[in-house]
Amino acid sequence: MTASLIVREHGTRRAPGRPRTGSGRLTARRQRPGLWFALPAAALLLVFFAYPLATSLLQSFFSTKGGESTFVGLDQYARLFRDPLVLKSLGTALLILVVQVPIMIALAVGLAYILNQAWVRFRSGFRLIAFLPAITTLVAYSVVFRVMMTTDGGALNQILGVFGAAPIDWLNNEWWARVAVIASITWRWTGYNMVIILAGLQAIPAELYEAARIDGAGRWQTFWHIVVPQLRPVLIFTIVTSTIGALQLFDENFILTGGGPNNATLTPVLYLYKIGFQQFDFGYADAIAWMLVVLTAIIAVIQFRILREKP
Amino acid sequence: MTRRGITFAAMVAAGALALTGCAFGGTGNGTTTTLKPSADATGKITIWSWDVAATALKRLAKEYEANHKGTTIDVVDIGYDNAYDKISVGLQAGTGLPDMITLETDHDQGYLSQFPTGFADLTPVFGSMKADFDPFKWDAGSDKDGRLRMAPWDSGTVGMFYRTDYFSQAGIDPASIKTWDDLVSAGETIKAKLGKTLLTADLSAGGPFSMLLQQQGQGYFNADGEITVNTPEAVAVMTLLKTMNRKGLIKNAKGWDASVTSAKDGDSAVTPEAVWWIGTLEGEAPELSGKYAVRDLPLFDDQSAPTSNNGGSGLAIPTQAKNPDLAAAFMKFVLADDANQASMMKNEGLFPAFLPALKSDFFQQPDPYFGGQKVYQFFGDLTPKIPSITFTSDQSAASDAITNAVGAAVLGNTDPKKALDDAAQQIATATGRKIAG
Amino acid sequence: MATELIVTGRAHRRGIPSRARREPLLRRIVLRSPVYLVLVIASILSLIPFAWMVIASTHKTSDLFVTPLPILPGGEFWQNLGRLQESVGFGQVMLNSVLVAVLYTVFSSIISVMCGYGLATYRFRGRGVLMGIILVTMMIPMQVLLVPLFQMMASAGWIDSYQALIIPFLANAFGIFLMRQGFLDFPTTLIEAARIDGASELRTFYRIVLPVARPQIAALIIYTFISQWNSFIWPLLMLNSEDKYTIPVALNTMIGLSRVDYSGLMLGSLLATLPLFILFLVFQKQFVAGLLGGAVKG
């Protein structure tokens, strides 16, 4: 039997999280098998994550110095407000969120749209090339970027030189360093998101386009009124996951810039890593982490609300 | 059970687990055992190291095993880049560490103060040999009671490597340079006549700031644990760097690879760097053989030393170790033996912190790369002159602040004193320490 | 008007229908070349770092940092390969990675599929709490969980073992979430029909649901395999024997204190990409269709 998926046009509004069982309201007893299906995962999470999650929360009420831990209540959380670096790192994370994510999604949508044209050849080839960056090991690609962005003689500046542009001090200049981090994230994940969006695009049946053409809609109108609405669930998925990724950014800036220069590319997770693994005040690191969890949850909820309610 | 009941029970269970199981702050480390290093120790030990250090240990381990029946020494290369994550987690968790670990000297104090019970007292092993080791390294590896816990291995004695051809072309006699100011004038001449910069530095990583500060006998903290990053000596260093950059005398090269490229490209006339730079030059830039020589660092004033330290590592035995006695015996074999230390210089480029080793033949040879200069002997003579400085557990926080300050003052427009005052304030806020003076 | 659209695994008409059949050749070239140009530029940007990796893999490290850069592959491939094998035992390391990734993928996928199905199809007590825990697990930075998890592994005596790499993370939050999304729109008519026929829930799941959900599961498998293959920090902390290292940990040892063996490192990284490359090629169709199903939910 051919694999088939039924896609409902999203015009119908549904409360989040409820299964779309059109008919067949299962009784409470009937619901119980769900518990059994979910049990292995739940048990694993309870055994392996309950303790670390609880420990990290508990430890955020302690302060450690010189090998001694003392209970300080909510002081580590209060410290969040006194610490200028917390604000700075949050600012950077938000900057990346607001700049990098839209650029990346726009690029992904654009490229997917282009690739979706029926007459394009080598579609699979392009798709594969686009996906490659996402499957490289972090160690490798960060090293490559760091080397390529070397100010003197780095590959990027050599290429710029070919076009007659002056070399850029990628990693030593505050603003260029941010650009460098954003560029490397975009390089890595655009293709991945593009593949997802392309799949969404390819699910839009030809009939819809035909209908729009018959109605006399131009290319742009078709895009806004047919394509984007059909893409919404896919877009939500990529936007939300990219958002979480941006707020939790660690790998790229850790290896490319170490958070510098002058903390220009410091993000909350990199900061808490330094606090925990270099200054050994894990309590404060935990406080930063939980603050981030709350913030991420709030933003995710807001995004869900906004994106779902767009007409 | 109601949903709320389940949630509540889960949280209570988790909380109970957390309270009973966790050991905040690494207090779960092993009890203090007294080491008994003896040639008769047997069994198995595991050692963590990286890079050429691991190569050296593996080589010496084989020798030791051959001469001591019943011993197995397993050296594991854990890589350098994230080694400290592994070590930190092991110390924090109170478990998971091997019998011996490698540590860079500038990490010593940080670990010693955060994990006072984490490392074994090495006095039974090396106690009587204090005078035989690089004094700076010995102090850096000792705890606040003066007990050695991280044994010195290799030194990062600093000298000034310079291009003899550039100096002669510019008509300057290198021996005439006594102070940093002299060097700056020479740099201007060289730049005017040859178009070369004076030195290459990684200004976005702080450049040679800490190196030059140590030359004046100072670190980021003083013996009382107060912050000393904005003292007159520190301001002098920052002003010097700023002046040099202003005059176009510094080539800014980020990272190791860029420094190597810069040397290969022949950008600068001098490179103040540690002894291991010899290995790098000879390995990466063999084509420049015969064009280099080494001399001591220029001075700031009568009080400054002609040398400093950059890098170098040591070995330590965690209190968690399962076979500390064999570890101690092997450590002594590696570190306090003339022949072994000399072999590590020869094979792996590790310059001994064990001073008697510096008298052996290998170190007396002239090096053709440096025009026949006896470079190793030269560095050997400098090593005992390295000034000791205080590190404390907040070294990395201070380092970060200084890196920012150098960026602001040297690459940017901030006044050196202001940049350093800001850095001092930043460190004070982050660590709760007082600023000295 | 709520339209129900059925998408089959092999869409018979992809993308915007072309009006181009009646357009003259020249016009077609003029209109289409910008598009191809954009695609080619994007591909080049995507591939530049790989180009450098290929160049680096075939040269000596010391030749890589001169100006101007070498732009053609050199001849050092075999020497670099030999050094890679000699310094980190890369052959064994690749096998280790394969073993761990396969084991993890198989068991984790089973758990994710089951849990996702349970969460999506049934409304049972504690469902909300479970979803909450899964979301928190996704949102909390892993760095703060490392030390407690490490302690747990140490107490269990699992340090330096593959159990430690696999078992704690078998419940993969993202995988569960992906599967849940995928099952939310599953045609309940099929399930109902099976129930009426008297099949048990488990049998229904196994016989009816799984085959239909194959594309999503393929997507999950690929995602899970990739994330375990590239996993770095946890194996670094857990593994203490060089012959047990997985690829990222082994490659990391090539980043030395001052020297980086770039050629070896890049060669190793390229080789590490090959299995993923092949996996993606083989599963491409499934992957695309699966992601589509999983993502096209509210």
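Visitor: Which domains does the assignment give for chain B?
Guide: The domain assignment of chain B gives domain 1 (35–156 + 311–359) and domain 2 (158–308 + 388–431). Keep in mind that this is a predicted model.

Visitor: What separates the centres of domain 1 and domain 2 of chain B?
Guide: Taken over C-alpha atoms, the centres of domain 1 of chain B and domain 2 of chain B are 30 Å apart.

Visitor: And how many residues are in contact between domain 1 and domain 2 of chain B?
Guide: On the domain 1 side of chain B there are 15 residues, in contact with 11 residues of domain 2 of chain B.

Visitor: Which helices supply at least two residues of that side of domain 1 of chain B?
Guide: H4 and helix H6 (135–140) of chain B each do so. The largest share, six residues, comes from H4(B).

Visitor: What classes of residue are on that side of domain 1 of chain B?
Guide: The side of domain 1 of chain B that touches domain 2 of chain B has eight polar, four nonpolar and three charged residues.

Visitor: Back to H4 of chain B. Which strands does it lie across?
Guide: Helix H4 (residues 105–114) of chain B lies across strand E3 (100–104), E4 and strand E10 (313–316) of chain B. H4(B) runs at about 115° to E3(B).

Visitor: What is the order of strands in the sheet of chain B?
Guide: The order is E2-E1-E3-E10-E4 (chain B), in an open sheet of five strands with mixed pairing.

Visitor: Which are the edge strands?
Guide: Strand E2 (71–77) and strand E4 (150–152) of chain B are the edge strands, and each pairs on one side only. On average, neighbouring strands of this sheet are turned by 25° against each other, direction ignored.

Visitor: How many bridges join E1 of chain B to E2(B)?
Guide: Seven bridges join strand E1 (residues 43–49) of chain B to E2(B), and the two run parallel. One pair of bridge partners is Lys44(B) and Thr72(B), the latter in E2(B).

Visitor: Zooming out, how many helices and strands does chain B have?
Guide: Chain B has 17 helices and 10 strands.

Visitor: Why is chain B as compact as a globular protein of that length?
Guide: The radius of gyration of chain B is 24 Å, and the globule rule gives 22 Å for 437 residues; these values are close, so chain B is as compact as a globular protein of that length. The C-alpha trace of chain B spans about 85 × 60 × 40 Å along its principal axes.

Visitor: How many of the 437 residues of chain B count as buried?
Guide: 56% of the 437 residues of chain B count as buried.

Terms used:
Residues numbered from 1 in each chain as written. Chains lettered and ligands numbered in written order. Predicted model: local features only at pLDDT ≥ 70, side-chain atom pairs only at ≥ 80, totals over all residues. Pairing = 2+ DSSP bridges. Helix = DSSP H or I, 4+ residues; strand = E, 2+ residues; numbered from the N terminus. Axes fitted to C-alpha atoms, helices over the stretch in contact; angles between N-to-C directions. Contact = placed C-beta atoms within 7 Å. Rg over C-alpha atoms; globule rule 2.2 N^0.38 Å. Buried ≥ 20, exposed ≤ 12 C-beta atoms within 10 Å, placed from the backbone. Domains from an automatic or database assignment. Nonpolar A, V, L, I, M, F, W, Y, C, P; charged D, E, K, R; others polar.
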